[in-house]
Every structure is written in structure tokens, then in C-alpha cells.
Amino acid sequence: MKRAIFPGSFDPLTKGHLDIIERSVDLFDEMIVAVLDNPEKHPMFTPEERCRMIAEVLVGMDTGECTMAVESFSGLLVDYAKKREATAIVRGIRAVSDYDYEVRMALMNKRLEPEIETVFLMAAEEYSYVSSRLLKQVFTLGGRVDGLVPELVEAKMREKRAETN
Ligand code: PNS
């Protein structure tokens, strides 16, 4: 049984993340989308809101034989992965700029927990410039993000903007 963790901030989930999930489900029997609970980052959505949104989006997705779960975690990723008996960490790489940080993280995680492999997938070309941080900035300043986040996520972003204005 191959269980993988797809960790991230997911603040919010983007179509780039979804693309990585869609392509990973063929590689693993079970996949846990793990939302980092890190209050220091001043997120747009609480970890609970992010988990709920991801779970709702996943309901409409064909994940084949792969069982999906969504959870939040705090502390070291490898500790969480070990506790959940996962053997792989999935990360998407968009551009060379991601590579440096991702490799350092993968090597550090390998040193901490040699049994857990990091599996990198190249981001789809059409989403290779999409990041949650950039999307939030564009959205907050009134720009359009349709097509770059699931519709449900865009609706929640609108709600959040209305709440804070
Ligand atoms: O979506 P992000 O913000 O790029 O995800 C980063 C994440 C959550 C994978 C990373 O920050 C992480 O693993 N945080 C947990 C704390 C940890 O284990 N830090 C050491 C990594 S070498």
C-alpha cells in the first residue's frame, strides 16, 4: 500500500495544486493532502476553511483507485508523514526558482527521515506561473483570478473579501 502526503499551505488551493493531485493519484493507493497550520503566515483562510474547501473540490474529482484524505498538520512534515505511515512526499516544481528551495527541503527531510522519499512532479505549463501568494495579491487588489483557482475557491475568496471590507 503506497501512501503519499501532498503537503502545502494551500492558502488557497490553486488549479496548479489540483493538476499535481490529478497526476499523483495514478502513482499512489492513498494520498493525504496535508494543510500546514502555521499561524505565523497570516493566512487568508484558517486551516479548517482550507481543508473544507479542498475536500469539497476533491468530491468532484475522479481520483480512480486512489483514496483521498485532507488533514491539517503542524510541526515537522516528516514527523507527520511518519505518524501517518506515508512513504512519499509529493511536491510540484514550477520553475527553476522553485528548485533551489525544494531540493534543500527534500534533502533536509531525507536527512531527518531517510525512509521517506520526496517525489517531484513538474507543474503543468499553463499553471507554471501560478502561486497562492500571487493570486491573493492580484485578487486583493481587484484583479481577476478565474481559471486559476477552482470556482468554489474563487467564491470563498469573494466571501472573505466581503467579510474583511
Ligand atoms: O505550500 P508551501 O508553503 O510551499 O508548503 C511548504 C511546506 C508546508 C511543505 C513546508 O513549509 C513544510 O514542510 N513545513 C512544515 C515544517 C517543516 O517540516 N519544516 C522543515 C522542512 S525541511
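## Exercises on a predicted model

Arg50 touches Ser9, Phe10, Asp11, Val35, Leu36, Pro43 and Phe45, leaving out residues up to four places away in sequence. The model is predicted, and the exercises below are to be worked with it open.

### Exercise 1. Arg50

Task: Find the helix that holds Arg50, classify Arg50 as buried or exposed, and name the backbone atom that its side chain reaches.

Solution.
- Step 1. Arg50 is found in helix H2, which spans residues 47-59.
- Step 2. The relative accessible area of Arg50 is 3%. Buried means under 20%, so Arg50 is buried.
- Step 3. The side chain of Arg50 reaches the backbone oxygen of Leu36 at 3.2 Å. Leu36 is also among the residues that Arg50 touches.

### Exercise 2. The ligand

Task: State which residues come nearest to the ligand, and give the polar distances for Ser9, Leu77 and Arg91.

Solution.
- Step 1. There are 13 residues around the ligand, and Ser9, Lys41, Gly75, Leu77 and Arg91 come nearest.
- Step 2. Ser9 has a polar side-chain atom 2.6 Å from an oxygen atom of the ligand.
- Step 3. For Leu77 the polar atom belongs to the backbone, and it is 2.8 Å from an oxygen atom of the ligand.
- Step 4. Arg91 places a polar side-chain atom 2.9 Å from an oxygen atom of the ligand.
- Step 5. Two of these residues appear in other exercises: Ser9 is touched by Arg50, and Arg91 is in contact with Glu102.

### Exercise 3. Glu102

Task: Place Glu102 in its helix, decide whether Glu102 is buried or exposed, and list its contacts beyond four places in sequence.

Solution.
- Step 1. Glu102 has its place in helix H4, residues 96-112.
- Step 2. Glu102 counts as buried because its relative accessibility is 4%.
- Step 3. Beyond its neighbours within four places in sequence, Glu102 is in contact with Arg91, Ile93 and Phe120.
- Step 4. Thr118 is 16 residues from Glu102 in sequence, and the two C-alpha atoms are 9.5 Å apart in space.

### Exercise 4. The two sides of helix H5

Task: List the buried residues of H5, explain why they lie on the same side, and say what covers them.

Solution.
- Step 1. In helix H5 (residues 132-140) the buried residues are Ser132, Leu135 and Phe139.
- Step 2. These residues cover an arc of only 60 degrees around the axis, so they are on the same side of H5.
- Step 3. The spacing rule is that an α-helix has 3.6 residues a turn, so residues three or four places apart point the same way.
- Step 4. Arg133 and Thr140 are exposed on the other side of H5.
- Step 5. The cover over the buried residues of H5 includes H1 and helix H6 (151-164).
- Step 6. Arg161 lies over the face of Phe139, at 4.0 Å from the ring centre.
- Step 7. Just after H5, Gly142 takes a positive phi of about 90 degrees.

### Exercise 5. Asp19 in helix H1

Task: Classify Asp19 as buried or exposed, and find the partner of its side chain in a polar contact.

Solution.
- Step 1. Asp19 is in helix H1, residues 15-24.
- Step 2. With 11% relative accessibility, Asp19 counts as buried.
- Step 3. The side chains of Asp19 and Arg23 make a polar contact at 2.7 Å.
- Step 4. Setting aside residues up to four places away in sequence, Asp19 touches Ala123, Ala124 and Tyr127.

### Exercise 6. Aromatic pairs

Task: Count the aromatic pairs and describe the geometry of Phe6 with Phe10 and of Phe73 with Tyr80.

Solution.
- Step 1. Ring centres must lie within 6.5 Å for a pair, and the count comes to 2 aromatic pairs.
- Step 2. Phe6 and Phe10 are 5.3 Å apart centre to centre with 70 degrees between the planes, an edge-to-face pair. Both Phe6 and Phe10 are buried.
- Step 3. Phe73 and Tyr80 are 5.0 Å apart centre to centre with 20 degrees between the planes, a stacked pair.
- Step 4. Phe73 is buried at a relative accessible area of 7%, and Tyr80 is buried at 5%.

### Exercise 7. Ala69

Task: Decide which accessibility class Ala69 belongs to and list what Ala69 touches.

Solution.
- Step 1. Ala69 is in strand E3, residues 67-73.
- Step 2. Its relative accessible area is 25%, so Ala69 is partly exposed.
- Step 3. Apart from residues up to four places away in sequence, Ala69 touches Met31, Ile32 and Val33.
- Step 4. Leu36 is 33 residues from Ala69 along the chain, and their C-alpha atoms are separated by 14 Å.

Key
Residues are numbered from 1 along each chain as its sequence is written. This is a predicted model: local features need pLDDT of at least 70, side-chain atom pairs count only at pLDDT 80 or more; totals for chains, interfaces and linings use all residues. Side-chain values use heavy atoms; hydrogens and water are left out. Helices (H or I, at least four residues) and strands (E, at least two) are DSSP runs, numbered from the N terminus. Buried means under 20% relative accessible area, exposed over 50%, partly exposed in between (1.4 Å probe, protein chains only). A polar contact is a pair of N or O atoms within 3.5 Å; within protein, one must be able to donate a hydrogen and the other to accept it, and residues adjacent in sequence count only if both atoms are side-chain atoms. Contact means heavy atoms within 4.5 Å. The arc is that of the directions from the helix axis to the C-beta atoms. Rings of Phe, Tyr and Trp (its six-membered ring) pair if their centres lie within 6.5 Å; planes under 30 degrees apart count as stacked, over 60 as edge-to-face and the rest as tilted. A charge sits over a ring if NZ of Lys or CZ of Arg is within 6 Å of the ring centre and within 35 degrees of the ring normal. A residue is near a molecule or strand if one of its heavy atoms lies within 4 Å of it.
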